[in-house]
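Here is a short note for anyone opening this model for the first time. Have the structure on screen as you read, and take the points in order.

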Amino acid sequence: MPRPLNNRKVTAEVKLLKALAHPGRLRMFLSLHKLGQRNVSQLAEDSGLALSYVSLILRTAAAEGILDREYAPRGNGVLYRIAPEYKEAVAQVADRVVG
């Protein structure tokens, strides 16, 4: 008999899958995985997406708890990084995509 699903884990996985379900967004998360933390401009460059769209994605992912953010030193904007509880899942995706 299958074990019952953990609703909290299922919800977390769905959030992450939605965030990764676009090539540009996936490139952003792969960049964060590889480089640790980036600002909006850097992620727009990494992903090839418009700055305004990247900003929206990052705000949404941070509000969902997928990303952590902090203000950069010297007032250079906000730095984003993958939240600890999502690092392993993103690493698994990176291994499949990048090899």
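Leaving aside its neighbours within four places in sequence, which residues is E70 in contact with?

1. Let us begin with that question, keeping in mind that this is a predicted model. E70 is found in strand β2. Once neighbours within four places in sequence are set aside, E70 is in contact with Q37, G77, V78, L79 and R81. The bridge partner of E70 in β3 is L79. If you click on the C-alpha atoms of E70 and Y80, you will find them separated by 6.7 Å, with these positions 10 residues apart along the chain counted as their separation. Is E70 buried, partly exposed or exposed? Its relative accessibility is 33%, so E70 counts as partly exposed, given that buried means under 20% and exposed over 50%.

2. Now step back to the sheet around E70. Three strands form an open sheet in the order β1-β3-β2, and their pairing is antiparallel. The edge strands, each pairing on one side only, are β1 (38-39) and β2 (67-71). As general background, strands of a sheet pair through backbone hydrogen bonds, in either a parallel or an antiparallel way.

3. The two pairings can be followed bridge by bridge. Between β2 and β3 there are five bridges, in the antiparallel sense; R69, for example, has Y80 in β3 as its bridge partner. β1 and β3 also run antiparallel and are joined by two bridges, and here N39 has L79 of β3 as its partner. The hairpin of β2 and β3 has six residues between the strands, and R74 takes a positive phi near 60° in that hairpin.

4. Why is β3 described as largely enclosed by the rest of the structure? Four of its five residues are buried, so the description follows from that count. Please also look at α2, which packs on the sheet and touches β1, β2 and β3. The direction of α2 makes about 90° with that of β3.

5. Next, the helix pair. α1 and α2 pack with their axes 7 Å apart, at an angle of about 110°. That angle makes α1 roughly perpendicular to α2, because angles of 65 to 115 degrees count as roughly perpendicular. On the α1 side the contact is made by K18, A19 and L20, and on the α2 side by R25, L26 and F29. Sorted by type, the residues of this contact are four nonpolar, two charged and no polar.

6. What about G24 in helix α2: is G24 buried or exposed? Its relative accessibility is 0%, so G24 counts as buried. Apart from neighbours within four places in sequence, G24 is in contact with S47 and L49. The C-alpha atoms of G24 and V40 are separated by 13 Å, and these residues lie 16 residues apart along the chain.

7. E13, found in helix α1, makes a useful comparison to look up on screen. Its relative accessible area is 42%, so E13 is partly exposed. The C-alpha atoms of E13 and A89 are separated by 8.5 Å, although their places lie 76 residues apart along the chain as the sequence separation.

8. Finally, the core. In soluble globular proteins, nonpolar side chains tend to be buried together. Here the largest nonpolar core has 28 residues, and F29, V54, L58 and L67 have the most contacts inside it. Two or more residues come from each of α1 (7-20), α2 (23-35), α3 (40-47), α4 (51-63), β3 (78-82) and α5 (84-98). L58 is a good place to start exploring: not counting residues up to four places away in sequence, L58 touches M28, V40, L43, L67 and Y80.

Definitions and conventions. Residues numbered from 1 in each chain as written. Predicted model: local features only at pLDDT ≥ 70, side-chain atom pairs only at ≥ 80, totals over all residues. Heavy atoms only, no water. Core = buried A, V, L, I, M, F, W, Y, C linked by side-chain atoms within 4.5 Å. Buried < 20%, exposed > 50% of the residue type's maximum accessible area, 1.4 Å probe, protein only. Contact = heavy atoms within 4.5 Å. Axes fitted to C-alpha atoms, helices over the stretch in contact; angles between N-to-C directions. Parallel < 35°, antiparallel > 145°, perpendicular 65-115°, else oblique. Nonpolar A, V, L, I, M, F, W, Y, C, P; charged D, E, K, R; others polar. Pairing = 2+ DSSP bridges.
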